[in-house]
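Trainee: Could you take me through one part of this structure closely? Please explain each term as it comes up.

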Amino acid sequence: YISSLAAMDVATRVHRLQRKLEEAVGGTIDTSKALRCLKELDKIDMTIDLLQTTGIGKSVNNVRKLDANVARVARTLVKKWQTIVKAVAKTGSSRAVETKRKSTVGA
């Protein structure tokens, strides 16, 4: 029960960051806000379930077409998540795949 509550909290956090990211790139691009959102998303231990239920991968992929700095960070994050998806597909397990704790997004 506790782990399902924790998962809901993480999903809520991902949705909140997704909304902020979409606000940051809608209309006039707020590069610093977009980068903050991407860096926060990078800190989350992403799972296949989170990627599927939130659709965050699509949102992050969409911002790759905008500002060059945002695009670079978004591309790195998408690659990280693709690695998770490939690892799960390879093992056939739907459990979260352990990823390096080290942040992949530059400071």
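Mentor: What follows is a close look at helix α5 and the parts around it.

This is a predicted model, in which local features need pLDDT of at least 70 and side-chain atom pairs count only at pLDDT 80 or more, while totals for chains, interfaces and linings use all residues. Residues are numbered from 1 along each chain as its sequence is written, and side-chain values use heavy atoms, with hydrogens and water left out.

Start with the whole. The protein has five helices and zero strands. Its pattern along the sequence is α-α-α-α-α. Helices (H or I, at least four residues) and strands (E, at least two) are DSSP runs, numbered from the N terminus. Of the 107 residues in the protein, 33% are buried. Buried means under 20% relative accessible area, exposed means over 50%, and partly exposed lies in between (1.4 Å probe, protein chains only). Now count contacts, meaning heavy atoms within 4.5 Å. Take those with a separation of 6 or more: 63% of them join residues 24 or more positions apart.

Now to α5 itself. Helix α5 covers residues 68–91. It has 24 residues and reaches 35 Å from its first C-alpha to its last. That is close to the 34 Å expected at 1.5 Å a residue. The expected span is 1.5 Å times one less than the number of residues.

Look at its two ends. At the start of α5, a side-chain oxygen of Asp 67 comes within 3.0 Å of the backbone nitrogen of Asn 69. Just after α5, Gly 92 has a positive phi of about 75 degrees.

Next, find its buried residues. They are Val 70, Ala 71, Val 73, Ala 74, Leu 77, Val 78, Lys 80, Trp 81, Ile 84 and Val 88. The spacing of such a list is worth a look. An α-helix has 3.6 residues a turn, so residues three or four places apart point the same way. The cover over the buried residues of α5 includes α2, α3 and α4.

Zoom in on Ala 71. Ala 71 counts as buried because its relative accessibility is 6%. Beyond residues up to four places away in sequence, Ala 71 touches Val 63 and Arg 64. Asn 61 is 10 residues from Ala 71 in sequence and 8.5 Å from it in space, C-alpha to C-alpha.

Compare Gln 82, which also lies in α5. Gln 82 has 40% relative accessibility, so it counts as partly exposed. Gln 82 is 25 residues from Gly 57 in sequence, yet their C-alpha atoms are 9.1 Å apart.

Now the nonpolar core. A nonpolar core is a set of buried Ala, Val, Leu, Ile, Met, Phe, Trp, Tyr and Cys residues joined through side-chain atoms within 4.5 Å. The largest one has 27 residues, and Leu 38, Leu 41, Met 46, Ile 56, Val 60 and Trp 81 touch the most other members. Two or more residues come from each of α1 (2–25), α2 (31–43), α3 (48–54), α4 (56–63) and α5. Helix α5 gives the most, with eight residues. Follow Leu 38 as an example. Outside residues up to four places away, Leu 38 touches Leu 21, Val 60, Val 70, Val 73, Ala 74 and Leu 77.

Turn to α2, one of the covering helices. Its buried residues are Ala 34, Leu 35, Cys 37, Leu 38, Leu 41 and Asp 42. Seen down the axis of α2, these fall within an arc of 160 degrees, so they line one face of the helix. The arc is that of the directions from the helix axis to the C-beta atoms. On the other side of α2, Arg 36 and Lys 43 are exposed.

Asp 42 deserves a stop. Asp 42 counts as buried because its relative accessibility is 4%. Its side chain makes a polar contact with the side chain of Lys 80 (2.9 Å). A polar contact is a pair of N or O atoms within 3.5 Å; within protein, one must be able to donate a hydrogen and the other to accept it, and residues adjacent in sequence count only if both atoms are side-chain atoms. Lys 80 is itself among the buried residues of α5.

Last, α4, another covering helix. In α4, Ile 56, Ser 59, Val 60 and Val 63 are buried. Viewed down the axis of α4, they fall within an arc of 95 degrees, so they line one face of the helix.
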